[in-house]
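Biologist: I have not worked with this structure before, and I would like to learn how to read it step by step. Could we look at it together?

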Amino acid sequence: MRRLRILVGAAAVLFALTACGEQQSDVGFGGQPPPPATQESSRGDEAPKPVPEKERTEVPAARVDGSALPEGYPREVWTQNGGSVLVVTGQEGGCGEVRARLTEQTERRVGVELVEETPRDAGPCTMDLRYPPVTAPLDSPLGEREVVLTQREATVAGE
C-alpha cells in the first residue's frame, strides 16, 4: 500500500511538472511569453522593423555619443533603408518596454532618447533584461551626423 501511495504521488508530481512545462515552453528562464499571434508588438506599430544584419549599415562608435547612458547600457547603432531609419539597441526588463524617441535632428547630430515604459498597474514583474532593437525614422538620411543617446524610465497608464 505504501508503494502505491509513493507511485501515485510521483505520478502526480510528474504530471504537474509536465503541465507547467507545456505552458512555459517558449518562455525560458526569466522570459515573458510572446504577445498573442493576433496582436502586433507595439514597437512594430510605431516605426519600421529592424532588418537582417546584412542589410544594415553600422554607425561607427566614434560617431555615437552614449556618455549619458547608464554603465552597461548598449551603445549599438546602425541605419537601414539607405540611412533613413536609425536603429538602436535598447534595454528593457520585467514589465517594461523600450522605445526610441527622436529629441533632435540637426545638420550635425541626431538625438535619440531611449524610454523604458512600465505600466503603472503592472503587478509582479520578472527581473530579466532584454536588448531589443528599436527604430526611429529620420527626416533625412543620417550621413555623417553624430548620434547622441540618452535614456530614461517612465511609468505609463496600463492597458
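Modeller: What follows goes from the overall layout to one strand and then to the nonpolar core. Please keep in mind throughout that this is a predicted model.

Biologist: How many helices and strands does the protein have, and in what order do the elements run from the N terminus?

Modeller: The protein has 2 helices and 10 strands, and, read from the N terminus on, the order is α-α-β-β-β-β-β-β-β-β-β-β. Among contacts between residues at least 6 apart in sequence, 72% join residues at least 24 apart. As for the surface, the protein exposes about 10700 Å², of which carbon and sulfur atoms supply 54%, while 30% of the 159 residues count as buried.

Biologist: Let us take a single strand, then. Which strands are joined to strand 3 by bridges, and how do they run?

Modeller: Strand 3 covers residues 77–80. It is joined by 2 bridges to strand 1, residues 57–58, in an antiparallel arrangement, and there Thr 57 stands opposite Thr 79. Strand 3 is also joined to strand 4 by 4 bridges, again antiparallel, and these two strands form a hairpin with 4 residues between them, where Asn 81 in the turn has a positive phi of about 55 degrees.

Biologist: Which way do the residues of strand 3 point, and are they buried or exposed?

Modeller: Val 77 and Thr 79 point one way from the strand, whereas Trp 78 and Gln 80 point the other way, and all are buried.

Biologist: Why does Gln 80 count as buried?

Modeller: The cut-off for buried is under 20% relative accessible area, and Gln 80 counts as buried because its relative accessibility is 1%. Leaving aside neighbours within four places in sequence, Gln 80 is in contact with residues including Pro 48, Lys 49, Pro 50, Val 51, Glu 55 and Thr 135, and its bridge partner in strand 4 is Val 85.

Biologist: How should I read the nonpolar core, and which elements contribute to it?

Modeller: In soluble globular proteins, nonpolar side chains tend to be buried together. Here the largest nonpolar core has 16 residues, and those with the most contacts inside it include Val 77, Leu 86, Val 112 and Leu 149. Strand 4, strand 7 and strand 10 each give two or more residues to this core, with the largest share, 3 residues, coming from strand 7.

Biologist: What is Val 112 in contact with, beyond its neighbours within four places in sequence?

Modeller: The contacts of Val 112 include Leu 86, Val 88, Ala 100, Leu 102, Val 147 and Leu 149, and also Arg 101 and Thr 103.

Terms used. Residues numbered from 1 in each chain as written. Predicted model: local features only at pLDDT ≥ 70, side-chain atom pairs only at ≥ 80, totals over all residues. Heavy atoms only, no water. Core = buried A, V, L, I, M, F, W, Y, C linked by side-chain atoms within 4.5 Å. Buried < 20%, exposed > 50% of the residue type's maximum accessible area, 1.4 Å probe, protein only. Contact = heavy atoms within 4.5 Å. Areas by Shrake-Rupley, 256 points an atom, 1.4 Å probe, with all protein chains shown as cover. Pairing = 2+ DSSP bridges.
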